[in-house]
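Subject: Structure handover

Hello,

Here is the structure for you to look at. My notes on charge pairs and surface follow below.

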Amino acid sequence: MAKKTFENALARLEQITDELENGDLSLDKSLEKFNEGMTLVQFCSGKLDEAKSQVELLLNKDGKLASVPFAEEDGGDHDLSE
């Protein structure tokens with residue numbers, strides 16, 4: 001079995017979403033897929049939290065956290081060298 005990664009979990013979550021939206025599953029199968037999806041959401045959320053912590057460590061300068069908000073509209077391009 002392949003190692004579970006954020007990308008694999010997200011791809012599987014998208015597949016489950018498509019299957020549930022299609023509406024061809026029985027109630028039992030839908031609940032099974034929903035439970036699997038919730039497990040994947042928790043896994044992905046944990047991975048994102050880990051990544052956030054790592055970014056905060058990288059932005060830590062002189063013992064102080066230099067927080068730079070991510071702006072989605074501009075792609076988050078900021079000069080972090082200050």
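Start with K29, which is partly exposed at a relative accessible area of 35%. Please keep in mind that this is a predicted model.

K29 has a charged partner. Its side chain forms a salt bridge with E32, and the closest N and O atoms are 3.2 Å apart. The two residues sit 3 apart in helix α2, so about one helical turn separates them. E32 is partly exposed too, with a relative accessible area of 46%.

Further along there is another pair. K47 forms a salt bridge with E50. Here the closest N and O atoms are 3.9 Å apart. The cut-off for a salt bridge is 4 Å, so the pair counts. K47 and E50 are again 3 residues apart in helix α2, or about one helical turn. K47 has 32% relative accessibility and counts as partly exposed. E50 is partly exposed as well, at 45%.

Now for a pair that joins two helices. E36 and R12 meet through their side chains in a salt bridge, with 2.9 Å from N to O. E36 lies in helix α2 (residues 27–59), while R12 lies in helix α1 (residues 6–22). The pair therefore ties together parts that are 24 residues apart in sequence. Buried or exposed, or in between: where does R12 fall? At 21% relative accessibility, R12 is partly exposed. The limit for buried is under 20%, so R12 does not qualify as buried. E36 has a relative accessible area of 30% and is also partly exposed.

These two residues belong to a network. Salt bridges link R12, E19, K33 and E36. As background, side chains of opposite charge can pair when their charged atoms come close. How many salt bridges does a search of the whole structure find? The search finds 5.

Last, the nonpolar surface. L20, F34, M38 and V41 make a nonpolar patch of about 320 Å². Which helix gives the most to this patch? It is α2, with 3 residues. V41 lies in that helix, α2. V41 has 37% relative accessibility, so V41 counts as partly exposed. Patch residues need over 30% relative accessible area, and V41 therefore clears that cut-off.

When you open the model, two places to view are the E36 and R12 salt bridge and the patch that includes V41.

Best wishes

Terms used. Residues are numbered from 1 along each chain as its sequence is written. This is a predicted model: local features need pLDDT of at least 70, side-chain atom pairs count only at pLDDT 80 or more; totals for chains, interfaces and linings use all residues. Side-chain values use heavy atoms; hydrogens and water are left out. Helices (H or I, at least four residues) and strands (E, at least two) are DSSP runs, numbered from the N terminus. Buried means under 20% relative accessible area, exposed over 50%, partly exposed in between (1.4 Å probe, protein chains only). Patches are made of residues with over 30% relative accessible area and no salt bridge: like charges are joined within 9 Å, nonpolar side chains (Val, Leu, Ile, Met, Phe, Trp, Tyr) within 5 Å. Accessible areas come from the Shrake-Rupley method with a 1.4 Å probe; for residues, only the protein chains shown count as cover.
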